[in-house]
Amino acid sequence: MRHMGRVAAAAAGTAVVAVLISGCGSGGEGASGAPVAVSETPTDDPTSWEELFPTEDPPPTEDPLPTEGEEPVDPDVTGPAAELDALAAQKGWEYDDDMYDSPSALVTRVCEELPTSEKDGRSPAQWLAEGTSFWDDGKQILLAGVPKLCPKWTDAVKAAASGKYDRWFGNGTYAVSSKPAEAQQVIPPGTYRSEGSTANCYWVRTTESGDPIDSQFATSPRKVTVTIRSSDGQFTSEGCAVWKPVK
């Protein structure tokens with residue numbers, strides 16, 4: 001099209017020159033001997049094709065195709081989850097593949113449920129250690145995966161693995177003991193505090209035979225503290241918030 005514009009402009013310029021020459025040779029009445037100024041017509045059209053016919057769609061902005069010899073990056077096979085799955089495969093760690101598609105899926109589920117541990121009446125490390133997945137290879141998967149997929153819980157998973165962590169206690173009846181017991185909930189001696197708004201909080205310390213030693217009933221308490229002694233037999237609470245050890 002630009003070539004056609006140049007041809008048309010050149011033809012127009014030739015026609016003007018021809019008319020001027022014809023006028024000078026005709027000897028007409030309007031002719032004077034003075035030279036006539038002739039404006040030259042530009043031979044190039046300054047209007048570009050894009051200005052005459054703008055495109056509706058902007059130029060593509062996608063990432064360029066990989067160069068020769070460069071493999072495209074697949075997001076499904078990179079990142080922390082893929083690294084964990086590759087490590088588990090390398091180590092031969094087994095997991096419950098009936099419940100989870102991959103080791104990273106197991107860790108992702110644990111990361112999603114960890115914030116609810118306090119509602120269950122347990123500290124995060126306690127919730128992990130007492131969970132069904134924190135055994136054998138599952139423990140190794142969580143130790144390797146939690147720092148990758150939910151690093152805020154790294155300290156909790158390390159504490160759970162070491163066995164040194166705070167134990168919290170919800171409502172119920174506990175035998176007073178510093179050692180775990182089979183088929184029985186136990187609470188170690190110590191001072192505990194329950195904080196949070198509750199309608200009615202009742203607790204009682206009893207002897208091994210069940211005789212009351214001390215008790216308290218509080219209506220809408222914000223904070224309740226109790227000291228459980230090694231000589232106590234049982235501790236029972238109802239309607240209270242989570243009991244946490246006082247340090």
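Asp 120, Arg 122 and Glu 130 are joined in a network of salt bridges, a salt bridge being a side-chain nitrogen of Lys or Arg within 4 Å of a carboxyl oxygen of Asp or Glu. This is a predicted model, in which local features need pLDDT of at least 70 and side-chain atom pairs count only at pLDDT 80 or more, while totals for chains, interfaces and linings use all residues. Residues are numbered from 1 along each chain as its sequence is written, and side-chain values use heavy atoms, with hydrogens and water left out.

The structure holds eight salt bridges, including the three set out below.

| Salt bridge | Closest N to O distance |
|---|---|
| Glu 130 with Arg 122 | 3.1 Å |
| Asp 166 with Lys 247 | 2.9 Å |
| Asp 214 with Arg 205 | 3.9 Å |

Asp 166 lies in the loop between helix 7 (154-162) and strand 1 (172-176) and Lys 247 in the segment after strand 8 (243-245), so their salt bridge ties together parts that are 81 residues apart in sequence; helices (H or I, at least four residues) and strands (E, at least two) are DSSP runs, numbered from the N terminus. Accessibility is classed as buried under 20% relative accessible area, exposed over 50% and partly exposed in between (1.4 Å probe, protein chains only). Asp 166 is partly exposed at 32%, whereas Lys 247 is exposed at 84%. In another pair, Asp 214 is partly exposed at 35% and Arg 205 is buried at 8%. Glu 130, a member of the network, is partly exposed at 40% relative accessibility.

Glu 130 also belongs to the lining of the largest pocket, where Gln 126, Glu 130, Phe 169, Gln 185 and Val 186 lie nearest the centre among 21 lining residues. A pocket is an open set of points on a 1 Å grid over the protein atoms alone, where a 1.4 Å probe fits, with protein on both sides within 12 Å along at least five of seven lines, and lining residues have an atom within 4 Å of a point. The volume of the largest pocket is about 480 Å³, and its lining has eight nonpolar, eight polar and five charged residues.

The second largest pocket holds about 160 Å³ of space, and its lining includes Tyr 100, Arg 109, Glu 113, Trp 127 and Phe 134. Helix 4 (103-113) and helix 5 (124-129) are the elements that each give two or more residues to this lining, with helix 4 supplying the largest share, three residues. By class, this lining divides into six nonpolar, three polar and two charged residues.

Note on methods:
Points joined across faces, edges and corners; volume = space filled by probe spheres on them. Nonpolar A, V, L, I, M, F, W, Y, C, P; charged D, E, K, R; others polar.
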